[in-house]
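Hi there,

Here is the structure I promised to send over. Have a look at it first, and then read on for some notes on its charged side chains.

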Amino acid sequence: MTNERRWASRLPRAVWDSLLPALLLLNVLTMWTPTELPVAAAFTAALALPLVWRRQAPLTVFGAVATAAFVQWLVGVQLPADVALLVVLYTVAATSGRRATLVAVTVVEIGAVLACLRWATDGAFLTPLAALTALVVAAAVLGVNDRTTRAYLGAVRDRAVAEERARITREMHDIVTHNLSVMVALTDAAVYAQHRSPDKATTAMLQVAETGRQALTDMRRSLGVLRTDEPDAARHPLPGIAQLETLAGQMRAAGLPTGLDIDGGHTHIPATAQLTVYRLVQEALTNTLKHTPTGTHAKVRIECAAETVTVEVTDTGPPTSPVTASGHGITGMRERSAGYGGTVLAGPLPGGGWGVHTRLAFGGAP
C-alpha cells in the first residue's frame, strides 16, 4: 500500500484532473443509445473537459462549465456530467476570494432551482432542491476550508522561517561579537607585549588563531552546514554549561578576570536550555569586556535545580550600563530567556558594578 501511495503521489496533477472527465466521457459512450449519443457526448465534453484546466484558470473554467450547463438546460438533456458544476464550485471556493465564491454559489444554486423546476416530478420540488442545495453548500464549504487550511499552513511556514532567521541572527550576533571582542583584546595584548615579552605575545596570537577557528566552527554549525554524522560535529558539540569554564578561561586570557561558580548538577538539563545558558553568559561577559575599563572583574554564578536554572553575571565595572537597553545584545538575551519563561533583569548593582540575572524553566516549573 505504501508503494502504491508513493507511486500515486508522483503522478502529475494533470493526470488526476483528467481522470473525472475521462470517466464521464466513458459513461456516455457506454450508457447512451446511438441516437442520443452525439448530443450527450457533446454536452458531456463541454462540461467535463474544462475540468482539466480548473486549477490553472478556475474562474474561466467555472464560466465555461456554467455556460455549458445552461445550454444543456435549454435543450432539456440530463447528464451525470452535471457533477462538474460542483467540482468547479469547489475549485473556485478553494482558490478565490469570498466575493468570487459567493457569486459561484449563487450561480450554481440558481442552476439547481432551474433544474428542479424543469425535471422534478409533480409535488416533489422541495425534496430534490434541498438535496441539491446541500451539495452546493457542501462543495463551497469544503473549498473554503481547503483554502483556509492552506493559508494557515502557509502562515505557519512563514512564521517558522521568520523564527529560524531570528535564531540564526541571534547566534551570529553572539558568535561574531564575542569572538571578535576576544580577538581584539588578545591582539592588543600581543602588540603591547611583543617587545617586552615575545613569549606572551606569541601565546596571545595563538589564542587569537584558536578563537578564530572556534568562531568559524560555531558559525558553520549555526548555519546548518555541519551534520551530526560529520567528525567535526562530534569534536565540537553544542556549547553548554560544561563549556562555561572554557569560556571563562577565554575571557581571562583576553584580560577580564572571570570567576565561575556552578551549583548543582547539570546533566539533566536539555541541550537547548544549556545552549541558552551558555549564550546568555557569553553575551553578558562580552558586554563587560567591551564596555568596562581595565581592572574590572566578572563573576558568573549558575544554580541548577530539578526544573530550573538560574543565571547571574556580575562585574565590578562603573555603575553605568555597559550596554544600552535598546542594544541588540540585551534584546537577544531577553528573546533567548523568554523561550524558557525567563525575564532578563539587567542594571547597575547597589554596591557598584553591573549585573544580569534570569531564571529559565525547562520542566514543569513556571
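How many salt bridges does the count come to? The count comes to 10 salt bridges, and please keep in mind that this is a predicted model.

Let me start with Glu171 and Arg279. These two form a salt bridge whose closest N and O atoms are 3.0 Å apart. The pair joins distant parts of the chain, since Glu171 sits in helix α7 (residues 126–193) and Arg279 in helix α11 (residues 271–291), 108 residues apart. Glu171 counts as buried because its relative accessible area is 3%, under the 20% cut-off. Arg279 is buried too, at 1% relative accessibility. The pair also belongs to a wider arrangement: Glu171, Asp174, Arg279 and Arg336 are linked in a network of salt bridges.

The other place to look is around Arg301. Asp263 forms a salt bridge with Arg301, with 3.8 Å between the closest N and O atoms. This pair also links distant parts of the chain: Asp263 lies in strand β1 (residues 258–263) and Arg301 in strand β2 (residues 298–304), 38 residues apart. Arg301 has a second partner in Glu303, and there the closest N and O atoms are 3.0 Å apart.

Are these side chains buried, or are they partly exposed? Asp263 is partly exposed at 39% relative accessibility, Arg301 is partly exposed at 26%, and Glu303 is partly exposed with a relative accessible area of 33%.

Happy browsing, and best wishes!

Key: Residues numbered from 1 in each chain as written. Predicted model: local features only at pLDDT ≥ 70, side-chain atom pairs only at ≥ 80, totals over all residues. Heavy atoms only, no water. Salt bridge = Lys/Arg side-chain N within 4 Å of Asp/Glu carboxyl O. Helix = DSSP H or I, 4+ residues; strand = E, 2+ residues; numbered from the N terminus. Buried < 20%, exposed > 50% of the residue type's maximum accessible area, 1.4 Å probe, protein only.
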